[in-house]
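Me: I am new to reading protein models, and I would like to understand how the words used for them are justified. Could we go through this one slowly, with a reason given for each term?

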Amino acid sequence: MLDVTNPRTLGRSICIITGASRGFGRALAHKVSRWLQPGSVLLLVARSETLLQELKGELWSFIVDQQSAVHCVAADLSTREGLDETVRVARQEAVTEMDRVLLINNAGILQAFPRVPLQQRSVVNVSSTFALRPLPSWVLYCTAKAAREMMFRVLAEEQPHVKVLSYSPGPMDTDMQRDILRLTGVKNHLLPCQESAEKLVKLLLDDDFVSGTHLDFFKLKKLTSRDDTTM
């Protein structure tokens, strides 16, 4: 069970992060790993084996000290084969008792685990402000984000034992924002990926959001500097 004497923990978890090789997913891997208890498993999924192995190397010394494990799955989650391989590895690594299954959907869609009594299950949909408002010339992106937002709201209604969060991380310094500038001329003040990752991890640690809700980075900016430095 989760260590109730220390609320600032994600417990002994299997944490799956898709789109983990770069940008926001990579920053999340660094932040989340600091809050896992010994015996946890961090499963990193992305298309690039090279970038995943680089990330694993960055996390290795800390994870080993925590007696936890890092596993990489190089897979394209837009394919059936990629989904099947990711689910297979996730189930294989979750053979021991875990306090929590944490799935962060930064890319693709994945649901791999049956319900386990007393186990906390959390799903984070990395959403966007463009799930709620249009961006010229980005009809496919906006539509996909809006559809996925509704899918996770339905999941929250159908599965009350799963804690669901759609998190909009704000405009971050990523390749996508450079594409937005190039294609639309829209220039945003870009945030470091690590700053938005800190806010998301704090939400998971506090665990006081309503399942199915959409939370935006900018609505969370009132966090005190003391809160931020604890991340």
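Reply: Let us begin with a term that we shall need at once: a strand is a DSSP run of type E with at least two residues, and strands are numbered from the N terminus. Please keep in mind that this is a predicted model. With that term in hand, we can place Ser122 in strand β5, which covers residues 120-126.

Me: Why is Ser122 called buried?

Reply: The relative accessible area of Ser122 is 2%, and the word buried is used for values under 20%. Since 2% falls under that limit, Ser122 counts as buried.

Me: What makes the link between the side chains of Ser122 and Arg100 a polar contact?

Reply: The side chains of Ser122 and Arg100 are joined at 3.0 Å, and a polar contact needs a pair of N or O atoms within 3.5 Å. The value of 3.0 Å therefore meets the distance limit. Apart from neighbours within four places in sequence, the residues in contact with Ser122 are Arg100, Val101, Leu102, Leu103 and Lys163.

Me: Which elements make up the protein chain, and in what order do they run?

Reply: The protein chain has seven helices and seven strands, and from the N terminus on they follow the order β-α-β-α-β-α-β-β-α-β-α-α-β-α. Of the 231 residues in the chain, 48% are buried. Among contacts between residues at least 6 apart in sequence, 69% join residues that are at least 24 apart.

Me: How do you know that Arg26 is buried?

Reply: Arg26, which belongs to helix α1, has a relative accessible area of 14%. Because the limit for buried is under 20%, a value of 14% places Arg26 in that class. The side chain of Arg26 also makes a polar contact of 2.8 Å with the side chain of Glu58. Glu58 appears again among the residues in contact with Arg26 beyond four places in sequence, a list that also includes Gly19, Leu51 and Glu54.

Me: What separates Arg26 from Ala197 in sequence and in space?

Reply: Along the sequence Arg26 and Ala197 are 171 residues apart, while their C-alpha atoms are 9.4 Å apart in space. Another such pair is Met151 and Gly212, which are 61 residues apart along the chain and have C-alpha atoms separated by 9.7 Å. Met151 lies in helix α4 and has a relative accessibility of 38%, so Met151 counts as partly exposed.

Me: Why is the pair of Trp138 and Tyr141 called edge-to-face?

Reply: A search of the whole structure finds three aromatic pairs, and in the one formed by Trp138 and Tyr141 the ring centres are 5.5 Å apart, with 90° between the planes. Rings pair if their centres lie within 6.5 Å, and planes over 60 degrees apart count as edge-to-face, so both values of this pair satisfy the rule. Trp138 is buried, with a relative accessible area of 12%, whereas Tyr141 is partly exposed at 21%.

Me: What makes Phe217 and Phe218 an edge-to-face pair?

Reply: The ring centres of Phe217 and Phe218 are 5.3 Å apart and their planes stand at 85°, so this pair is edge-to-face as well. Phe217 has a relative accessible area of 0% and is therefore buried, while Phe218, at 44%, is partly exposed.

Me: Why is Ser137 called exposed?

Reply: Ser137 lies in the loop between β5 and α4, and its relative accessibility is 68%. Exposed is the word for values over 50%, so Ser137 is counted as exposed. Phi of Ser137 is near 75°, a positive value in a residue other than glycine.

Me: How large is the largest pocket, and which residues are closest to its centre?

Reply: The volume of the largest pocket is about 1,300 Å³. Its lining has 45 residues, and those closest to the centre are Asn106, Ala107, Tyr141, Lys145 and Met176. The lining divides into 18 nonpolar, 17 polar and ten charged residues. Helix α4 supplies the largest share of the lining, five residues.

Terms used
Residues are numbered from 1 along each chain as its sequence is written. This is a predicted model: local features need pLDDT of at least 70, side-chain atom pairs count only at pLDDT 80 or more; totals for chains, interfaces and linings use all residues. Side-chain values use heavy atoms; hydrogens and water are left out. Helices (H or I, at least four residues) and strands (E, at least two) are DSSP runs, numbered from the N terminus. Buried means under 20% relative accessible area, exposed over 50%, partly exposed in between (1.4 Å probe, protein chains only). A polar contact is a pair of N or O atoms within 3.5 Å; within protein, one must be able to donate a hydrogen and the other to accept it, and residues adjacent in sequence count only if both atoms are side-chain atoms. Contact means heavy atoms within 4.5 Å. On a 1 Å grid over the protein atoms alone, a cavity is a set of points where a 1.4 Å probe fits but cannot get out, and a pocket is an open set with protein on both sides within 12 Å along at least five of seven lines; lining residues have an atom within 4 Å of a point. Grid points are joined across faces, edges and corners, and a volume is the space filled by probe spheres set on the points. Ala, Val, Leu, Ile, Met, Phe, Trp, Tyr, Cys and Pro count as nonpolar, Asp, Glu, Lys and Arg as charged, and the others, Gly among them, as polar. Rings of Phe, Tyr and Trp (its six-membered ring) pair if their centres lie within 6.5 Å; planes under 30 degrees apart count as stacked, over 60 as edge-to-face and the rest as tilted.
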